[in-house]
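User: Please take a close look at one part of this model, the packing of its helices and the nonpolar core. Give the cut-offs for the terms as you go.

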Amino acid sequence: MRFSHTLSKTPFLAPIMASGSVSGSASLVWFRKGLRIHDNPALEYASKGSKSVYPVFVIDPHYMEPDPNAFSPGSALAGLNRIRFLLESLVDLDLSLKKLGSRLLILKGEPSEVVIRCLKEWDIKKLCFEYDTEPYYQALDKKVKDYASTAGIEVFSPVSHTLFNPVDIIQKNGGRPALSYQSFLKLAGQPSWASSPLSISISSLPPIADVGSCEITEVPTVEELGYRDYEQDELTPFRGGESEALKRLRESISNKEWVANFEKPKGDPSAYAKPATTVLSPYLKTYTNVDLSHHCICILCFVTLPFSPFLISLQFGCLSSRYFYQCLINVYKNVKKHTSPPVSLVGQLLWRDFFYTVAFATPNFDRMKGNRICKQIPWNNDDELLAAWREARTGYPWIDAIMVQLRKWGWMHHLARHCVACFLTRGDLFVHWEKGRDVFERLLIDSDWALNNGNWMWLSCSSFFYQYNRIYSPVSFGKKYDPNGNYIRHFLPVLKDMPKQYIYEPWTAPLSVQTQAKCIIGRDYPKPVVSHDSASKECKRKLGEAYALNQKLNGQVSEDDLKDLRRKLEEDKEQESGSRRQKQKL
């Protein structure tokens, strides 16, 4: 397996390749996303010619300790489901390393400071870690690489989290990212490594030498992190770790017919007992799905400098996307016919790379302001509506059930994600997509910085997708998959006895029916926060005005322009309401 990439001449921080092997010395493997043994070129390279190898993972307490002010159990950065999934992944990695004669060294502190201290303490001559495109890690890596350079330490940072090196794709396109999937496919072609078998196993590793004064710990439990009083009636059914990832992969590809015929957007978003997808997204650390019925993709899911430290994401990478890709290609070779991108499983992985590349090359990709590919829209900043959506109190059972599944499981089907994202933004509540992005980032175990931001822009019609008149109904969409409302009954037990003809619109049930179902609307379950028909009409009007303003100003919309538009929209609404009242009097 070759791991060779050229240095970039673009302004991006390119992966650094080995410039010359230092034989017989100590190497440090810095684990971040790639929490796995298979297809881990950084680990493989570190073990070659080294007398000792130090496998390191750094826990930053600032991002793991409980935050009592957060809206859900967890740290300031992530919900408890994601933290637990990460810890399970680390335990599994530690067990795998022990089988190879090594172990995972857990250290605590600010990552760059800890790594630099280890480089000094252990007299490291070779530092290896998987290349990361996220702005937070780009800044972190630059700090560590700068020190390594001055100290004469060899750095090997290969691209192995994605199918392609984003820098290469951007260079092919003249220094700019392709902003459409088809353009990306033409630029990318076939992965250069795909024709050779990947290294998926390591027989042994050099031992760990003296750790000096560095304080090494075992992987902590959630209780040891301070989550002692937390109780949850239903935990996520998905366990973290490479072993579980490979098990799920084997189960998925064993059904060759299913793999060959896999086609998005087909799938049942209400299927919770046996999800209608591979559920490999948390292990890849991205969620990749396309809904072509609405020409809309959901690769669920930070920043260009300066960045907020609260916007980094806990990463896993328990399953190699490259290994998954090769497994799928092998299945395709042994079947008569199969689906193709964008709807195939390989197509989903390519969507993933597409968003990684766009995010890497777009300043302020995680926000509306200063983001050149994002339309400037006068979103509401209504905290009450946001809280109702986040806390499953919208009064629309289909929406609320999805949000309960998100909170309890940290996962839901991609079409379910589409529905709640559309409802919050352009469909009903007109709340800023960044607010919804933050909720998903916290609660989803498969959230990914590039993909989460990209999809919230897509689903809010802020970028990539602009057919804002196409809206998911919070009533009829779920009903066509699950007319009996079993999904709602499971995640919203307060409605479990509601007759099926009222399960999606319980506010329409006669009081006698509500009484018999032991669920009085407005007391036991909330009334709808908005009327979908009028709210969606209002959202379309606002987006139409915003689109016209963006076109008129060629995308150069200022804060003052948005304030003026917001004022105009309110005046128009008041005039329309006045005219309606006048007609009613007549």
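Analyst: What follows goes from helix 13 to the pair formed by helix 16 and helix 17, and then to the cores.

This is a predicted model, in which local features need pLDDT of at least 70 and side-chain atom pairs count only at pLDDT 80 or more, while totals for chains, interfaces and linings use all residues. Residues are numbered from 1 along each chain as its sequence is written, and side-chain values use heavy atoms, with hydrogens and water left out.

Helices are DSSP runs of H or I with at least four residues, numbered from the N terminus. Helix 13 spans residues 383–390, and six of its eight residues are buried, so this helix is largely enclosed by the rest of the structure. Buried means under 20% relative accessible area, exposed means over 50%, and partly exposed lies in between (1.4 Å probe, protein chains only). The buried residues of helix 13 are Leu385, Leu386, Ala387, Ala388, Trp389 and Arg390. Their cover includes helix 14 (397–409), helix 15 (414–427), helix 16 and helix 17.

Helix 16 (residues 433–443) and helix 17 (residues 449–459) also pack against each other, at an angle of about 145 degrees and with their axes 10 Å apart. Axes here are lines fitted to C-alpha atoms, for helices over the stretch in contact, and angles run from 0 to 180 degrees between N-to-C directions. From helix 16, Trp433, Gly436, Arg437, Phe440 and Glu441 meet Asn452, Asn453, Trp456 and Met457 of helix 17; contact means heavy atoms within 4.5 Å. By class, four of the residues in this contact are nonpolar, three polar and two charged. In that count, Ala, Val, Leu, Ile, Met, Phe, Trp, Tyr, Cys and Pro are nonpolar, Asp, Glu, Lys and Arg are charged, and the others, Gly among them, are polar.

Trp389 of helix 13 reappears in the largest nonpolar core, which has 177 residues and in which Leu28, Trp122 and Trp389 touch the most other members. A nonpolar core is a set of buried Ala, Val, Leu, Ile, Met, Phe, Trp, Tyr and Cys residues joined through side-chain atoms within 4.5 Å. Helix 12 (residues 345–361) gives the most to this core, with ten residues. Leu28, not counting residues up to four places away in sequence, touches Tyr54, Val56, Cys118, Leu119, Trp122, Ile124, Lys126, Leu127 and Cys128. Apart from the largest core lies another of six residues, including Tyr131, Val159, Val167 and Phe360.

Definitions and conventions
Helices (H or I, at least four residues) and strands (E, at least two) are DSSP runs, numbered from the N terminus.
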